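I opened this entry to keep track of what I looked up. The notes follow the order in which I checked things.

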Amino acid sequence: MKDFIRVFLEGIINNSKRILFASDRVTDIEMRNKILEGRVTPTDKVAEIPCIGCGGCSNVCPTGAVTMLDLDEPVEIIEGMVKKQIPVLNSEKCVNCYYCHDFCPLYALFGKAGTIHPNDVGEVELDIGDLLEKPIKISDDKLTFIAQYLSDSTVLKKRKI
Ligand code: SF4
Ligand code: SF4
């Protein structure tokens, strides 16, 4: 569980500037326009198998477009880490800000495609077990700082898109 929390918090640290100050984001404006103009037909938005079910995408979505749904059967990803939920993205509420993708720890931590995307999650082939067992360097000070910062759950919601 501790590792799970570290993955989650490390994702936040790596993306805090992006999320809070909209800097260095990986938003594809061209793609965003295509989606908004109806020139791209969205397909699958969540890669359910490699998703680790951390809920980060749901937490960071400014419009509440991502809901975490309980799995019928929890899945053990690695020892001590069980996936109990997966996200579902509601396109009608989505404003294509891409925060969900940019925040996803699989992207934020490991530079792999995030397992959620407002347009099309595409092919996501990852060995999640190997990935999650990689060491993550994060100091206890940083952990404490971020944990305190996030205790104000309204911070992200107040951000203008
Ligand atoms: S891209 Fe859509 S689903 Fe993802 S965070 Fe932005 S509004 Fe929410
Ligand atoms: S899509 Fe990414 S951020 Fe969302 S629950 Fe899955 S692993 Fe976590």
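Before listing partners, I fix one term: two strands pair if DSSP finds at least two bridges between them. With that in hand, I looked up Ile78 and found Met81 in β2 as its bridge partner. I keep in mind throughout that this is a predicted model.

**Hairpin**

I stayed with the strands. β1 covers residues 66-78 and pairs with β2 in the antiparallel sense. I noted eight bridges for this pairing. Next I checked Glu76, which stands opposite Val82 in β2. What do β1 and β2 form together? They form a hairpin, with two residues between the strands. Gly80 sits in that turn and has a positive phi of about 85°.

**Overall layout**

I then stepped back to the whole chain. It holds eight helices and two strands. Along the sequence I read the order α-α-α-β-β-α-α-α-α-α. The chain has 161 residues, and 31% of them count as buried. I also looked at contacts with a separation of 6 or more: 71% of these join residues 24 or more positions apart.

**Confidence**

I checked pLDDT before going further. The chain average is 73, and 58% of the residues score at least 70. Residues 20-26 fall below 50, and this stretch has 10 contacts in the model beyond near neighbours in sequence. Residues 149-153 are also below 50, with one contact beyond near neighbours in sequence. Where pLDDT is low, the predicted coordinates should not be read in detail. I left both stretches there.

**Ligand shells**

Which residues come nearest to ligand 1? I found Cys61, Cys94, Cys97, Cys100 and Pro118, out of 13 residues around this ligand. By class I noted 11 nonpolar and two polar residues in this shell, and no charged ones.

I repeated the lookup for ligand 2. Here 13 residues surround the ligand, and Cys51, Cys54, Gly56, Cys57 and Cys104 come nearest. This shell has eight nonpolar and five polar residues. No charged residue appears in the shell of ligand 2.

**Core**

In soluble globular proteins, nonpolar side chains tend to be buried together. I therefore looked for the largest nonpolar core, in line with that general tendency. It has 29 residues, and Cys57, Cys100 and Cys104 have the most contacts inside it. At least two core residues come from each of α3 (56-60), β2 (81-89), α4 (99-103), α5 (105-110) and α6 (128-132). Which element gives the most to this core? α5 does, with five residues.

Cys100 deserved its own entry. Leaving out residues up to four places away in sequence, I found that Cys100 touches Cys57, Val60, Cys61, Val66, Ile116 and Pro118. Two of my earlier lists return here: Cys100 is among the residues nearest to ligand 1, and Cys57 is among those nearest to ligand 2.

**Positive phi outside glycine**

I looked for backbone oddities next. Asn96 has a phi near 55°, positive although the residue is not glycine. Asn96 lies in the loop between β2 and α4. Is Asn96 buried or exposed? Asn96 counts as buried because it has 20 C-beta neighbours inside 10 Å, and the cut-off for buried is 20 or more.

Tyr98 is another case, with a positive phi near 70°. I placed Tyr98 in the loop between β2 and α4. Tyr98 is buried, since 22 other C-beta atoms lie within 10 Å.

**Two exposed residues**

I finished with two charged residues. Asp130 lies in helix α6. Asp130 is exposed because just 10 other C-beta atoms are within 10 Å, and exposed here means 12 or fewer. I checked its distance to Ile78: the two are 52 residues apart in sequence and 9.0 Å apart in space, C-alpha to C-alpha.

Lys134 is in the loop between α6 and α7 (140-150). Why does Lys134 count as exposed? Lys134 has 9 C-beta neighbours inside 10 Å, so it counts as exposed. Lys134 and Phe110 are 24 residues apart in sequence, and their C-alpha atoms are 9.2 Å apart.

Notes: Residues are numbered from 1 along each chain as its sequence is written. Chains are lettered from A and ligands numbered from 1 in the order in which they are written. This is a predicted model: local features need pLDDT of at least 70, side-chain atom pairs count only at pLDDT 80 or more; totals for chains, interfaces and linings use all residues. A residue is near a molecule or strand if its C-beta atom, placed from the backbone, lies within 6 Å of it. A nonpolar core is a set of buried Ala, Val, Leu, Ile, Met, Phe, Trp, Tyr and Cys residues joined through C-beta atoms within 7 Å. Helices (H or I, at least four residues) and strands (E, at least two) are DSSP runs, numbered from the N terminus. Two residues are in contact if their C-beta atoms, placed from the backbone, lie within 7 Å. pLDDT is the predictor's confidence in each residue, from 0 to 100.
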